[in-house]
Amino acid sequence: QVQVVESGGGLVQPGGSLRLSCTASGTIFSINGMIWYRQPPGKEREFVAAITYGGVTNYADSAKGRFTIYSDFAKNKVFLQMNSLNPEDTAVYYCKANLKPRKWSNLEIWGQGTLVTVSS
């Protein structure tokens, strides 16, 4: 069994910062990469940022210059540092792990999400 759990969400004022964490646990042979998505109220889920095991990163245009994704794959963790937050960043943030539970298998698994609310 593999689980993915996000944490670090909460209420923050416009212009503030938050750091989200995502941890994969269970039977894991290796991690290929981890991706952050978000789903604003009443909207569809959208890509935010991704990082591969090799450290290659990719960002949505809305995240460039404000968000930073980084990892500690030795601990099966990925983080999303979010700065200069604005109300449009309000959303449930989800983490998806692309990993190998065993050497010859692949799995994509989602976390349950963590709510980020940007409001004064």
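Buried here means under 20% relative accessible area, a cut-off worth keeping in mind for the close-ups below, which come from a predicted model.

**View 1. Strand 9 sits among its neighbours.**
Let's start with strand 9, which covers residues 91-100. Eight of the ten residues of this strand are buried, so strand 9 is largely enclosed by the rest of the structure. Strand 9 runs antiparallel to strand 4, and nine bridges join the two. If you would like a landmark for this pairing, look for Met34, which stands opposite Ala97 of strand 9.

**View 2. Strand 9 also pairs with strands 10 and 11.**
Which strand follows strand 9 through a hairpin? That is strand 10, and six residues make the connection. Strand 10 spans residues 107-110, and its pairing with strand 9 is antiparallel, with four bridges. Within this pair, Lys96 lies opposite Trp110. Strand 11 is also antiparallel to strand 9, joined to it by three bridges. Here Ala91 has Val116 of strand 11 as its bridge partner.

**View 3. The largest nonpolar core brings together 30 residues.**
Met34, Trp36, Leu80, Met82 and Tyr93 have the most contacts inside this core. Several strands give two or more residues to the core, among them strand 1 (2-7), strand 4 (30-39), strand 8 (77-82) and strand 11 (114-118). Which strand supplies the largest share? Strand 9 does, with five residues. As a general backdrop, nonpolar side chains in soluble globular proteins tend to be buried together.

**View 4. Met82 and its contacts come into focus.**
Setting aside residues within four places in sequence, Met82 is in contact with Gly16, Ser17, Leu18 and Leu20, as well as with Arg66 and Phe67. Its other contacts, counted the same way, are Tyr93 and Val116. Tyr93 joins Met82 among the residues with the most contacts inside the core, while Val116 is the residue we met as the bridge partner of Ala91.

**View 5. Glu6 is a buried acidic residue without a salt bridge.**
Glu6 belongs to strand 1. Where is the nearest side chain of opposite charge? It belongs to Arg45, 7.4 Å away. The side chain of Glu6 does reach two backbone nitrogens: that of Cys95 at 2.8 Å and that of Gln112 at 3.1 Å. Leaving out residues up to four places away in sequence, Glu6 also touches others, including Ser21, Cys22, Trp36, Tyr93, Tyr94, Gly111, Gly113 and Thr114.

Terms used
Residues numbered from 1 in each chain as written. Predicted model: local features only at pLDDT ≥ 70, side-chain atom pairs only at ≥ 80, totals over all residues. Heavy atoms only, no water. Core = buried A, V, L, I, M, F, W, Y, C linked by side-chain atoms within 4.5 Å. Buried < 20%, exposed > 50% of the residue type's maximum accessible area, 1.4 Å probe, protein only. Contact = heavy atoms within 4.5 Å. Pairing = 2+ DSSP bridges. Lys, Arg positive; Asp, Glu negative; His and termini not counted. Salt bridge = Lys/Arg side-chain N within 4 Å of Asp/Glu carboxyl O. Polar contact = N/O pair within 3.5 Å; in protein donor to acceptor, adjacent residues only side chain to side chain.
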